[in-house]
Every structure is written in structure tokens, then in C-alpha cells.
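Trainee: I am new to this structure and would like a close look at a single part of it. Please take me through one sheet, the helices that pack on it and the aromatic rings around them.

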Amino acid sequence: MTQEELFKKLIAHSKEYGFIFPSSEIYDGLSAVYDYGQMGVELKNNIKKYWWDSMTRLHENIVGIDAAIFMHPKTWEASGHVSAFNDPLIDNRDSKKRYRADVLIEDWLAKQDEKIGKEVEKARKRFGESFDEQMFRQTNPRVQEHQAKRDQIHERMTKALNDNDLTELRQIILDCEIACPISGTRNWTEVRQFNLMFETKIGSVAEGANTIYLRPETAQGIFVNFLNVQKTGRMKIPFGIAQIGKAFRNEIVARQFIFRMREFEQMEMQFFVRPGEELNWFKQWKATRMSWHRALGFGDDKYRFHDHDKLAHYANAATDIEFEFPFGFKEVEGIHSRTDFDLSQHQKFSGRKMQYFDPETGESYVPYVIETSIGVDRMVLQVLSAAFTEEKLENGEERVVLRIPAPIAPVKVAVLPLVKKDGLPEIAREIIASLKFDHNVQYDEKDSIGKRYRRQDAIGTPLCVTVDHQTLEDRTVTVRHRDTMEQHRVAIAELPSIVENEVSLRTLFAKLV
Ligand code: GAP
């Protein structure tokens, strides 16, 4: 099965089992907007809890806030979003489709990487164990040729983006002979800048309504509250403020399911530090955040850092944590050293001091900021794509199983009476009552036990508890583990501790650096 087929299956599975639906589907949906169903919302909430608790509970010096989505319009002038939150867009005159110019070029670069990868794989097969990949990459003429071409285009693109040179971006597209995927032609318009913020009006028209924006990032709600939190919480630098909330961007290239949405959710943390210490903290946060991802157990080789060539105007260092989705390595989280840009800008635009008096040095200064910013929806997609597995069983049957890490699985335990009579449902209900205050538990008595196991596998339930006739005699039940399908008999009284050990977020927290 190709990665593309796998991804299509994953999308279909997400809908069939109540994880993710297209928004307003009965009206044919709304592009790049999705709704979370009964399973999706549980998964999403668990991911948020994993992040929130790891930030605010495991760090004494990080607290959370929940700022409003609407903010004073000056916020976005100060932050630079009104003037600079743009995408360079290009239209194909034949298909009338609009694309991000940089994405077209990035896709072309990815194709060059693929070509190089194929050459390497071919050679690996040919040379077997004696294959020296590094040597091959350095000496093979075809690889060298692809690599040189790729690097040259990459350099030109980075420079064009940094210089905001739209003519050069278009020229690169022409030079690379990039064709529109729909029409197949190279009949391109000029490249133009397009602001990504959604506008709306606040106040009635009679009062004289004002234009405001739906926030394109949650970070600004933290910056404008920096002194409120610092003073009321008596926070001492270094300290952080965390927030989870919706953000909105009028994305033109909306694709890859929930990877790029117009309405999405972010989990952001701004860490305020002394000027001059920011790059050390940047390094530390890179390590901390990578360990948060890796603790999920999907495999360390599934992640990599991608340091930015093009630094945003406010940053002096930036990296992405990329995850290997079925459509390749892509960003799930950004870590940015944002200098004192945002606080200084708010100081300038509001006329209010945004300074911190440091009792240790006796100085007042505008703090520097390290930001960690991760998309909740991209995390959901990360988990679903890593967890989705099709398996052939020993008895020839097939099963689809979501190997979601137990602490973030939507349903933790399914309690299944073997038959709907003889007092078994009553015992099952009793077990549910003993677990439901702590965990999301499901009761299921319909269909054969095998079918019920498959249903739970398909939504990623880590444990199934089956109540049978032996339970009536000795108050024991079988516990079946999702991944191994192993079963063992335990006393009902032991269930709360067995479940807790398996599904507690502690198992993830214990792995964090
Ligand atoms: N405050 C910094 C900031 O917003 P960003 O790199 O633009 O930085 C941070 O966004 C994260 O938000 C990304 O790594 C991604 O996970 C998520 N994100 C951004 N745009 C998104 C979109 N259109 N749909 C889904 N997630 C998105």
C-alpha cells in the first residue's frame, strides 16, 4: 500500500469511527474546516491535557491563561500581522487555481530529494552490506547533479523570501518548469502578497462598527497580559505563560486533511528570559519539547528538527519539530527565539511600559522571549497517522487497530458482558461504576465478543474487560490488551489499579527531560 493510499484510508477511518467529520457536511462541507466527533474530541482533549499538565504542573515557573479571541485591532498592527502576515500567491490562468509560490517550490525541492533517495536505495540494493551511503552521496555523479540543482534553487528561494522579491519567486517557478497539478500548464500570473487574517466587525453599524481580526495566533494574548500575570502571580524571570486556544488563518493552500486548516487550535507557551540568555533557553526548550513528542513512543526516527533558513523579522533563532506524516516530514511545532520584539512593539503602540524590574541585577528591561508553539490538530494527525495499523492475524483474519498511546486514547476501557443475560450485564455495570469517575469507559453488549474487540481496536481502546460465567463464581474477569491481544484473568477488585497503571499520564511524564 502506498503512503497516499494509507492516508486516504486514515481519513475514511477517522470519519467512520467518529473522530473527524468535514464541517457542515450536509451542505457539502466547508474547505479546510473540520469538526471533531465523539472520539476525536476525547483524543484532542487528552492531547491538550498532556501538554497543559506537562507545561504548568511540571514547571513551577509556568502558569496558564485563557485570553479572548478578539483583541484590540492595534495588537495586530504592533505585532506586524497587519503589514506582514502574508503569503506569496500565484494563480494558474488555465485552471484558475491559486497556489502559494513558496509551497510550489518546496514541493519541487521535495521531488529532488525523492529522486536522490531513490538513487541511494537502488545503490544500497546493488552493493548490499558494503554500501557506504555517505561516500555514495559525495561521489555519484547523478546524485551530485540533483543535489547541486536542488541546493541552488533552495538558496534562491530563501533569498527571494527574505528579500520579499516576488518577481524572483515567479522566475524560480518558471526556471524549475513547475506546472499546475490541475491544468498541467505553466501559464502563471505574477506573484502577489495576500494577508491571512480574517476580518470582522465589532459593535453595531449604528454605533460605528470597527474592524477587528480573528486572532491568527494565540501568542499575542500572552504578550499583552505579560505584566498582569507577572505582577499578580509575583512571577520572577525566567518564567512562562501557557495558553491553549483557537486561531484562524485564511489559508489558500488548504490540503492534507487537518494538517492545514482555516480554524485550528494552538498550544503556545512564551518563556520570558533575561536579554542575552535567550539562546541558551532556546537550546533547552528544543530538548524539552522533543522529549515531549518522543515520549509518545512512535519512534525517535519519526522526528527531526528543521532549522529555519528564513528567520521571521522578530526572531534570532527558530526551528521546527517535524514529524514523518504519510505525506512526508512536516512541521508540528515551532520553537522561536522572538527577542524582545513583541513586548517592545506593544510598549511602543500602547504607550505602556512592558518592563520587568529584575531584583537580582537591580535593572529594568524588556524581557526576551522563547516561544514553543504547537498545533493541536497537527498533534491529532500525528497520533492518528502513527497509530493507524492494518494487521493480518494468525487465524487469517484482518484487523484495523489504532495503537494510540494508552494515556491519550479516547476510551480507556471497554467492559463487555459475554452474554446479555445470567446477571453478566449487571456485573459489567458495577465495574463501570467503579471506574467511570477516573476514566472514560464504554459498555458494549451487542454482537459477538470478537466483533466487539474489533470495534474497540478500531478506536484504540487499550483495555477490554470481559465478564463471563466464571465471574459469577469467583469475581474474576479477563483483561485483553489491544496491542498484543493477550488476555489474562484478574480479580475485579484489582481493576482500578491495573487500569490506572496502564493509562495514567504519569507514564508519559516519567519519560520527559
Ligand atoms: N505564534 C507562533 C506561530 O503561530 P506558526 O509556525 O505560524 O507560529 C505554530 O504556528 C503551529 O501552529 C504550527 O507548528 C502548526 O502546528 C500550527 N498551525 C499553524 N497554522 C496552522 C493551520 N493552518 N492549520 C493547522 N495548524 C496550524
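Mentor: A residue is called buried when its relative accessible area is under 20%, exposed when over 50%, and partly exposed in between, using a 1.4 Å probe and protein chains only. The model is predicted, so local features need pLDDT of at least 70 and side-chain atom pairs count only at pLDDT 80 or more, while totals for chains, interfaces and linings use all residues. Residues are numbered from 1 along each chain as its sequence is written, and side-chain values use heavy atoms, with hydrogens and water left out.

The setting comes first. The protein chain has 18 helices and 23 strands; helices (H or I, at least four residues) and strands (E, at least two) are DSSP runs, numbered from the N terminus. Of its 513 residues, 50% count as buried. The C-alpha trace spans about 80 × 65 × 55 Å along its principal axes.

Now to the sheet. It is open and is formed by 7 strands in the order 3-9-10-16-13-12-11, with mixed pairing. Two strands pair if DSSP finds at least two bridges between them. At the edges stand strand 3 (62–65) and strand 11 (303–307), each pairing on one side only. Neighbouring strands are turned by 25° against each other on average, direction ignored; axes are lines fitted to C-alpha atoms, for helices over the stretch in contact, and angles run from 0 to 180 degrees between N-to-C directions. Strands of a sheet pair through backbone hydrogen bonds, either parallel or antiparallel. Strand 13 (residues 328–337) and strand 16 (residues 368–375) pair in the antiparallel sense, over 5 bridges. Glu-333 has Ile-374 in strand 16 as its bridge partner.

Two helices pack on this sheet. Helix 2 touches strand 3, strand 9 (239–248), strand 10 and strand 16, and its direction makes about 160° with that of strand 9; contact means heavy atoms within 4.5 Å. Helix 11 touches strand 3, strand 10, strand 11, strand 12 (317–325), strand 13 and strand 16, with its direction at about 145° to that of strand 13.

The rings come next. The structure holds 22 aromatic pairs. Rings of Phe, Tyr and Trp (its six-membered ring) pair if their centres lie within 6.5 Å; planes under 30 degrees apart count as stacked, over 60 as edge-to-face and the rest as tilted. Tyr-50 and Trp-292 form a stacked pair, 4.4 Å centre to centre with 10° between the planes. This pair links distant parts of the chain, 242 residues apart: Tyr-50 lies in helix 2 (residues 38–56) and Trp-292 in helix 11 (residues 278–294). Tyr-50 is buried, because its relative accessible area is 1%. Trp-292 also has a relative accessible area of 1%, so Trp-292 is buried.

A second pair ties helix 11 to the sheet. The ring centres of Phe-271 and Trp-285 are 5.4 Å apart and the planes stand at 65°, so this pair is edge-to-face. Phe-271 belongs to strand 10 (residues 263–273) and Trp-285 to helix 11, 14 residues apart. Both Phe-271 and Trp-285 are buried. Elsewhere, ring pairs join Phe-7, Tyr-34, Phe-257, Phe-259, Tyr-303, Phe-323, Phe-325 and Phe-327 into a cluster.

Finally, Lys-286 lies over the face of Phe-305, 4.6 Å from the ring centre; a charge sits over a ring if NZ of Lys or CZ of Arg is within 6 Å of the ring centre and within 35 degrees of the ring normal.
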